[in-house]
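Colleague: I would like to learn how to read a structure like this one. Could you take me through a few features, step by step?

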Amino acid sequence: MASITFGGNPATTVGELPQVGAKTPDFKLTKTDLTDVTLSDFLGSKLVLNIFPSVGTGVCAQSVRQFNQEVANMDGVKVLCISKDLPFAQKEFCGAEGIHNVEMLSDYKTDTFGSDYGVTLLDSPFEGLLSRSIVVVDADGTVVYTEQVGEIGEEPNYSKALEAVRNA
């Protein structure tokens with residue numbers, strides 16, 4: 001279990017992020033058009049898994065905006081923004097913000113991504129949602145970088161994540 005904080009108060013997750021060097025756990029998530037995708041749909045591209053509680057919060061929304069801007073000119077890279085938000089809310093957010101360089105994915109159907117990746121929050125006001133985390137995956141599906149953000153209300157380290165993508 002990861003020990004993090006929410007507003008300075010202790011919070012825990014169901015487990016730990018996948019280890020660097022390990023194969024990325026498979027997943028089944030739902031796109032904004034309500035079709036399902038799995039990890040195999042993205043293999044061959046470098047991936048940034050931008051995991052967060054809800055795009056309806058300021059920090060989560062900023063992470064989507066930031067990665068959307070940062071990867072606009074990076075070939076062979078896909079950013080998957082993963083939350084438990086309904087696909088309708090994700091689509092509405094992207095439409096209102098003009099976001100086109102990331103893929104919004106939801107774990108609302110299967111509710112397994114969070115446990116498989118160790119990021120479901122066990123307590124705090126966000127209990128049951130996904131903790132703010134980054135997982136960078138190379139084109140072969142190997143984890144090359146992870147970050148479990150220590151305070152849910154803080155942004156991830158974009159520069160380290162993007163450096164890991166460039167070096168993957």
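Modeller: Gladly! We start with burial: a residue counts as buried when its relative accessible area is under 20%. Keep in mind that this is a predicted model.

Colleague: How many residues of strand β6 are buried?

Modeller: Six of the seven are, so by that cut-off strand β6 (residues 77-83) is mostly covered.

Colleague: Which strands pair with β6?

Modeller: Strand β5 (residues 46-51) runs parallel to β6, and six bridges join them. Here Lys46 stands opposite Val77 of β6. Strand β7 (residues 102-106) also pairs with β6 in the parallel sense, over five bridges. In that pairing, Ile82 faces Leu105 of β7.

Colleague: Which helix lies between β6 and β7 along the chain?

Modeller: The chain goes from β6 through helix α2 (residues 87-97) to β7, a right-handed β-α-β crossover. Likewise, β5, helix α1 (residues 58-70) and β6 form a right-handed β-α-β unit.

Colleague: And the aromatic rings: how many pairs does the structure hold?

Modeller: Five. Take Phe6 and Phe126: their ring centres are 4.7 Å apart and their planes lie at 65 degrees, so the pair is edge-to-face. Phe6 belongs to strand β1 and Phe126 to the loop between α3 and β8, so the pair ties together parts 120 residues apart in sequence.

Colleague: Is Phe6 buried or partly exposed?

Modeller: Phe6 is partly exposed, with a relative accessible area of 22%. Another edge-to-face pair is Phe67 with Tyr158, 5.2 Å centre to centre and with 75 degrees between the planes. Both Phe67 and Tyr158 are buried.

Definitions and conventions. Residues are numbered from 1 along each chain as its sequence is written. This is a predicted model: local features need pLDDT of at least 70, side-chain atom pairs count only at pLDDT 80 or more; totals for chains, interfaces and linings use all residues. Side-chain values use heavy atoms; hydrogens and water are left out. Buried means under 20% relative accessible area, exposed over 50%, partly exposed in between (1.4 Å probe, protein chains only). Helices (H or I, at least four residues) and strands (E, at least two) are DSSP runs, numbered from the N terminus. Two strands pair if DSSP finds at least two bridges between them. A crossover is right-handed if, with the strands pointing away from the viewer, the path from the first strand over the helix to the second runs clockwise. Rings of Phe, Tyr and Trp (its six-membered ring) pair if their centres lie within 6.5 Å; planes under 30 degrees apart count as stacked, over 60 as edge-to-face and the rest as tilted.
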